[in-house]
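Let's go through a structure together, asking each time how a label is earned. Have a look at the sequence and the model before the questions begin.

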Amino acid sequence: NAGNFAITSRNSMNVHNVLAYGAKGVNATDDTAAIQAALNAAATPYGTVVLPCNGTTTGTYLTTAPLVVPGGVNILGLGYGAGAGSGAGIGVIIRGAHTGIAILNLIDASNTVLSGFKVWGDIATTPKTGIVLGRTVVASAGNHTLRNFAADGYYSVAAAYSISSESNFWDNCFARALGGGALYAFYTSASDDLSVGGGLST
């Protein structure tokens with residue numbers, strides 16, 4: 001606090017490289033627990049989780065369960081690797097090989113920043129969505145920034161799904177559902193009884 005001004009900042013020292021938590025980024029080893037541990041560590045105070053290509057063989061991180069993203073966390077993909085795919089010039093990929101609600105679950109979260117990476121729904125074990133934004137309670141959720149981000153691949157509901165998530169900023173983003181039963185690349189609604197709907201459940 002400085003005089004009449006309350007100062008908040010995203011602490012530059014609160015940076016968590018997923019490789020330091022045991023992630024491999026080789027598109028074969030399950031990186032779910034390592035990435036979730038980094039996300040949890042970055043939650044307080046506002047921190048950044050880094051997903052690098054450098055130090056991996058593909059830059060593709062395999063996950064077998066939804067990643068729950070806490071509010072206020074930055075997720076940053078860095079660099080280009082052999083796993084680079086189409087959409088928004090993105091190299092780092094989080095591959096979801098499961099049937100869960102989303103590769104990235106931002107339900108009831110606010111003020112996250114996602115930048116420089118892509119989520120990919122696996123063709124064999126199709127997630128419901130690549131990213132889900134929404135809320136389950138009356139309190140607001142949203143104010144997310146997504147920049148140079150893509151949701152691509154195979155999904156059973158939608159590549160990107162946003163319900164009752166307000167004031168989000170999308171810049172140079174890409175959404176595509178190649179198959180898996182999804183009817184939408186991007187599904188959004190202002191309200192769904194303050195819950196996640198359209199075939200989704202937590």
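A salt bridge is a side-chain nitrogen of Lys or Arg within 4 Å of a carboxyl oxygen of Asp or Glu. This is a predicted model, where local features need pLDDT of at least 70 and side-chain atom pairs count only at pLDDT 80 or more, while totals for chains, interfaces and linings use all residues. Residues are numbered from 1 along each chain as its sequence is written, and side-chain values use heavy atoms, with hydrogens and water left out.

Q: What makes the contact of Asp171 and Arg147 a salt bridge?
A: Their side chains meet with N and O 3.2 Å apart, and the cut-off is 4 Å, so the label fits. The two residues come from distant parts of the chain, with Asp171 in strand S13 and Arg147 in strand S11 (residues 145-153), 24 residues apart. Strands here are DSSP runs of E with at least two residues, helices are runs of H or I with at least four, and both are numbered from the N terminus.

Q: Why is Asp171 called partly exposed?
A: Buried means under 20% relative accessible area, exposed means over 50%, and partly exposed is in between (1.4 Å probe, protein chains only). Asp171 has 30% relative accessibility, so it counts as partly exposed. Its partner Arg147 has 32%, and therefore counts as partly exposed too.

Q: How many salt bridges does a search of the whole structure find?
A: The search finds 4. One of them joins Asp122 and Arg95, whose closest N and O atoms are 3.0 Å apart. Asp122 lies in the loop between S9 and strand S10 (129-134) and Arg95 in strand S7 (residues 92-96), so this pair ties together parts that are 27 residues apart in sequence.

Q: Is Asp122 buried or exposed, and how do you know?
A: Asp122 has 9% relative accessibility, so it counts as buried.

Q: Which side chain meets Asp152 in a salt bridge?
A: It is that of Arg176, at 2.9 Å from N to O. Asp152 sits in strand S11 and Arg176 in the loop between S14 and strand S15 (184-189), so to speak a link across 24 residues. Asp152 has 0% relative accessibility and is therefore buried, whereas Arg176, at 30%, counts as partly exposed. Salt bridges that share partners join Lys118, Asp152 and Arg176 into one network.

Q: What makes the phi of Asp108 worth a look?
A: Phi of Asp108 is near 70°, a positive value in a residue other than glycine. Asp108 lies in the loop between strand S8 (104-107) and strand S9 (113-121). With a relative accessible area of 37%, Asp108 is partly exposed.

Q: Where is Asn172 found?
A: Asn172 is in the loop between strand S13 (169-171) and strand S14 (174-175). Asn172 also has a positive phi, about 55°, although it is not a glycine. Its relative accessible area is 47%, so Asn172 is partly exposed.

Q: How do you know that strand S12 (residues 158-163) and S15 pair?
A: Two strands pair if DSSP finds at least two bridges between them. S12 and S15 have 5 bridges, in the parallel sense, so the condition is met. Ala160 stands opposite Phe186 in S15.

Q: Which strands form the open sheet, and in what order?
A: The 5 strands run S5-S8-S10-S12-S15, with parallel pairing. S5 and S15 are the edge strands, because each pairs on one side only.
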